[in-house]
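Me: I am new to this structure and would like to go through it by question and answer. Please show it, and then we can begin.

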Amino acid sequence: MTVPAPARVESTPVLVVGGGPAGLAAAAELGLHGVGCVVIEPRVTVSRRRPRAKTTSVRTMEHLRRWGVADALRAAAPLPVAWSQRVTFCESLSGRRITDFDGAFGLTTQRDERFAEAGQQVPQPVVEEVLRGHVRRLPGVELRLGHTVTGLTEQAGGATVTVISEDAASGYEIRARYVLGCDGAGSVVRGQIGARLVGRSDPRPNFNVVFRAPALDTPLGPAVQYWVVGPAVSGLIGRLDLSGTWWAIMPGIEAAYGAAHAAELITGLVGAPVEHEVLASDPWTARMLIADTFGDRRVFLVGESAHLNPPWGGHGFNTCVGDAVNIAWKIAAVENGWAPAGLLSSYEPERRGVIEQTVASAEANLRSLAGDLPRDEAAIQAAKRAEFYSLGLVLGYSYAGSPVVQPRLQPTSGPAAALDGTRYTPTTQPGARLPHAWLPDGSSLYDRLGTGFTLVGPVRDGGAGGAGVAGLVRRARRRQIPLAIVESPPSYPWRTEFLLVRPDQHIAWRAGDPADIDIDVVTGVSAPSARAGLRPRPLSSRCRW
Ligand SMILES: Cc1cc2nc3c(=O)[nH]c(=O)nc-3n(C[C@H](O)[C@H](O)[C@H](O)COP(=O)(O)OP(=O)(O)OC[C@H]3O[C@@H](n4cnc5c(N)ncnc54)[C@H](O)[C@@H]3O)c2cc1C
């Protein structure tokens, strides 16, 4: 293909390459902070035939709530949370039930003190459609569909990106102060900055199929996933909606075999022949890959351009949203003039550890796929618990040790305790997500936080912190740092602490007196005197990709 010479040159503060979940989340976060961007995305429409991610985690739902779209996503989701919160293991859809996991993936219809939003099962295309609608309404955010980025050149103060439109007749350039490479596994941006994916792939193929079978039902009752541990066929199957569209994943099945034997495989999962029409198939390989660097100067890799997780456990797209929020609020702080560009160098140290933990967890889940399991309740409960109950991983990750988080007062001796992915224990340790609480009027503590920093503490009592609060407000005002002040919830076990909370709801600093809070550290103006941990660690590099 000959790329035509650029006919025009545009400019934008932030150029987002790719409008999948990561790119749309980045645009939503930038828009929340009033920073303009252009999102370049080749797909004009979102296809519902490759649903891919179905698990939207509690944490991603909390971000959607911050953006004001959690309710819109729930309304658009074909399977309401109330319909089912269960994963069922069985011999087939018409066969014996082996065991159930209730309340999987943070699905609950009850209010839970630990989080502001329950999880939601919803096909990825629906998430993308809702986010597309949202970012289109944000002033300063442009979603440019049918356009593709072909190259990138970095220069002082930013980068120039070359773009072609769908008809390939008009090439053009966009200059941006920041570029976010949200362009997925085959990222052009990653290649242009010389970054490489490092890690390994699972040798087994996987075959996904989406089919219509309006007459298909199961006596097993509602479940968001049925794991079929069958004598003939093993895999996962579930409803995409309540009007007869189903998905199935069959590990170990080659694409050609799957395409030729789809009816037989579906019959095996169902346990009986069922009238159906195959709508689409999607072969894929599980990969455990992390880029050797997440950026270069003002260009950052976000989402699957930076890492590929196996989908087991449902963390893939959610991790991408976490990346997007992290880098986008920081760019917004720099663009809005209250943080120096140095803040951005905390993106990789903060996200790399989270990604490594998530990839490791997904890889552990990969070791016990449906075909690897015995048809035995106790064995399945033991093997699969961590996959369905992972709030420790989803909510419990911390940015402790980041250069822009309060340094640990006491250097830790020996290695840090391993994260228990199944158990979430709220903590106000700097770096952790602010513990959630419901307020007496029924609203969420999170709804009270500002879009900039927030000081949560015993502010109404005045007390020892009174002068410190006033001093912090003055220091923030001098530096034009947006700072909201919120009284700690009455139910909070940490009512005596002052917690400085970042725009992403993580605790930047904890103090008995706000006078002790170093606002320069948390905005990246100065490095803390003692940094502990969280430096980019060497990757386990069995192969280079
Ligand atoms: C079978 C399967 C099941 C999964 N299940 C789950 C799950 O339950 N939960 C979960 O969290 N994750 C799941 N995932 C993972 C999830 O689909 C991905 O993690 C997610 O799509 C990654 O988002 P992204 O925005 O980083 O990349 P992508 O979704 O790949 O988006 C990249 C975007 O960039 C665009 N693009 C590409 N090249 C260019 C270019 N040159 N210029 C401009 N734009 C470009 C693409 O069109 C695309 O829209 C699953 C994946 C698979 C394969």
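Me: Is S305 buried or exposed in this model?
Reply: The model is a predicted one. Buried means under 20% relative accessible area. The relative accessible area of S305 is 0%, so S305 is buried.

Me: Where is S305 placed?
Reply: The strand β17 covers 299–301 and the strand β18 covers 307–308. S305 sits in the loop between β17 and β18.

Me: Which residue has its backbone oxygen 2.6 Å from a polar atom of the S305 side chain?
Reply: Leaving aside neighbours within four places in sequence, S305 is in contact with several residues, among them D183, R190 and A291. G181 also belongs to that list. The backbone oxygen that lies 2.6 Å from a polar atom of the S305 side chain is that of G181.

Me: Which residues around the ligand come nearest?
Reply: There are 32 residues around the ligand. Those that come nearest are E41, R43, Q124, E304 and F317.

Me: How far is a polar backbone atom of E304 from an oxygen atom of the ligand?
Reply: Other backbone atoms are also placed by the ligand: a backbone N or O atom of I40 lies 3.5 Å from a ligand nitrogen atom, and one of T55 lies 3.3 Å from a ligand oxygen atom. For E304, a polar backbone atom and an oxygen atom of the ligand are separated by 2.8 Å.

Me: What share of the area that the ligand exposes when taken alone does the protein bury?
Reply: Taken alone, the ligand exposes 1,000 Å². Of that area, the protein buries 87%.

Me: Which element gives the largest share of the shell around the ligand?
Reply: The elements that give two or more residues to the shell are α1 (21–32), β2 (37–41), β8 (147–155) and α8 (316–335). The largest share is four residues, and it comes from α8.

Me: How many residues of the shell around the ligand are charged?
Reply: The shell divides into three groups. Nonpolar residues number 13 and polar residues also 13, and the charged ones number six.

Me: How many residues apart in sequence are the parts that the pair E91 and R375 ties together?
Reply: The structure holds 37 salt bridges, and one of them joins the side chains of E91 and R375, at 3.9 Å from N to O. E91 lies in the loop between β4 and β5, and R375 in the loop between α9 and α10, so the parts tied together are 284 residues apart in sequence.

Me: What does R375 count as, by its relative accessibility?
Reply: Its partner E91 has 24% relative accessibility and counts as partly exposed. R375 has 40%, so R375 counts as partly exposed.

Me: Is R297 buried or exposed?
Reply: R297 forms a salt bridge with D296, with the closest N and O atoms 3.3 Å apart. D296 has a relative accessible area of 25% and is partly exposed. A value over 50% means exposed. For R297 the relative accessible area is 61%, so R297 is exposed.

Me: Which residue meets R423 in a salt bridge?
Reply: R423 is exposed, with a relative accessible area of 58%. The partner is partly exposed, at 36% relative accessibility. The N to O distance in this salt bridge is 4.0 Å, and the partner of R423 is D420.

Me: Which residues are linked in a network of salt bridges?
Reply: The salt bridges so far were described as pairs, such as D420 with R423. A network of salt bridges links R8, E10, E142 and R144.

Conventions
Residues numbered from 1 in each chain as written. Predicted model: local features only at pLDDT ≥ 70, side-chain atom pairs only at ≥ 80, totals over all residues. Heavy atoms only, no water. Near = heavy atom within 4 Å. Polar contact = N/O pair within 3.5 Å; in protein donor to acceptor, adjacent residues only side chain to side chain. Areas by Shrake-Rupley, 256 points an atom, 1.4 Å probe, with all protein chains shown as cover. Nonpolar A, V, L, I, M, F, W, Y, C, P; charged D, E, K, R; others polar. Buried < 20%, exposed > 50% of the residue type's maximum accessible area, 1.4 Å probe, protein only. Contact = heavy atoms within 4.5 Å.
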